[in-house]
Amino acid sequence: MSPWLQHLPVLPILVPLVAAAVMLLLRERRRRARVTVALASAVVQFGVAVSLLVLTTGVAPGVWTDGIGVYRIGSWPAPFGIVLVADPLSALMLTLSATVALASIVYAVAHWDNPGKPFHSLLQLLCMGVNGAFLTGDVFNLFVFFE
């Protein structure tokens, strides 16, 4: 297994978090930079979601045991640490979520994003929470990501 594949389940959470932080640091007059970061983040999220979907549905056999990827944040065991689980259903939901987010960003850039200046960063934070809720391995962290 390639060493970077084991870290793939955490990317749907980290990418929108970093993108939202970068967009919040940009000035309000830098609309083009905010739009570029938002679109790049959405495309990366879509690519990661499709990659997880391919890895979990058995198209690439032997990558994860039974097509389920488990990522322990900080290498802590399950009762003490945050565990992310990528299975076929969560990967499908991530792909659907990334598709809707990408369509929303494209629509907002074309029609609506001027009245709401922090729209793109808030959308990225929403994507982070939804992606985390889809990937979480326990009920407590589901509540945290949902909140």
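# Close-ups of the helix packing

**View 1. Around helix α1, the elements that cover its buried residues include α2 (31-56), β2 (83-86), α3 (88-111), α4 (119-135) and α5 (139-146).** This is a predicted model, where local features need pLDDT of at least 70 and side-chain atom pairs count only at pLDDT 80 or more, while totals for chains, interfaces and linings use all residues. Residues are numbered from 1 along each chain as its sequence is written, and side-chain values use heavy atoms, without hydrogens and water. The buried residues of α1 (under 20% relative accessible area with a 1.4 Å probe, protein chains only; exposed is over 50%, partly exposed in between) are P12, I13, V15, P16, A19, A20 and M23. Helix α1 spans residues 11-25, 15 in number. From first C-alpha to last, α1 reaches 21 Å, close to the 21 Å expected at 1.5 Å a residue (times one less than the number of residues). A handy reminder for this view: an α-helix has 3.6 residues a turn, so residues three or four places apart point the same way.

**View 2. The whole chain gives the setting for the close-ups: five helices and two strands.** Helices (H or I, at least four residues) and strands (E, at least two) are DSSP runs, numbered from the N terminus. Starting at the N terminus, the elements follow the order α-α-β-β-α-α-α. The protein has 147 residues, and 39% of them count as buried. Among contacts (heavy atoms within 4.5 Å) with a separation of 6 or more, 68% come from residues 24 or more positions apart.

**View 3. Helices α1 and α4 cross at roughly 165°, and their axes come within 8 Å.** Axes are lines fitted to C-alpha atoms, for helices over the stretch in contact, and angles run from 0 to 180 degrees between N-to-C directions. That angle makes α1 roughly antiparallel to α4 (over 145 degrees; under 35 is roughly parallel, 65 to 115 roughly perpendicular, the rest oblique). On the α1 side, look for P12, I13, P16, L17, A19, A20, M23 and L24. Across from them on α4 sit H120, S121, Q124, L125, C127, M128, N131, G132 and L135. By class, the contact of α1 with α4 has 12 nonpolar, five polar and no charged residues (nonpolar: Ala, Val, Leu, Ile, Met, Phe, Trp, Tyr, Cys and Pro; charged: Asp, Glu, Lys and Arg; polar: the others, Gly among them).

**View 4. Helix α4 has 17 residues and reaches 24 Å from its first C-alpha to its last, close to the 24 Å expected at 1.5 Å a residue.** Its buried residues are F119, H120, S121, L123, Q124, C127, M128, G129, N131, G132 and L135. Covering these buried residues of α4 are elements that include α1, α2, β2, α3 and α5. One residue to zoom in on is S121, found in α4. S121 is buried, with a relative accessible area of 4%. Leaving aside residues up to four places away in sequence, S121 touches A20, M23 and L24.

**View 5. Helices α2 and α4 have axes that come within 10 Å and cross at roughly 20°.** That makes α2 roughly parallel to α4. The contact is made by V35, A38, S41 and Q45 of α2, together with H120, Q124, C127 and N131 of α4. Sorted by class, the contact of α2 with α4 has three nonpolar, five polar and no charged residues.

**View 6. Helices α2 and α3 pack at an angle of about 160°, with their axes 8 Å apart.** The two helices, α2 and α3, are therefore roughly antiparallel to each other. In the contact of α2 with α3 there are 19 nonpolar, four polar and one charged residues.

**View 7. Residue L84 lies in strand β2.** L84 is buried, with a relative accessible area of 0%. Not counting residues up to four places away in sequence, L84 touches P9, V10, I13, G69, V70, Y71, I73, L135 and T136. Follow the pair L84 and T136 in particular: they are 52 residues apart in sequence, yet 4.7 Å apart in space, C-alpha to C-alpha.

**View 8. Residue T57 is found in the loop between α2 and β1 (69-72).** At 45% relative accessibility, T57 counts as partly exposed. T57 and G67 are 10 residues apart in sequence and 6.2 Å apart in space, taken C-alpha to C-alpha.
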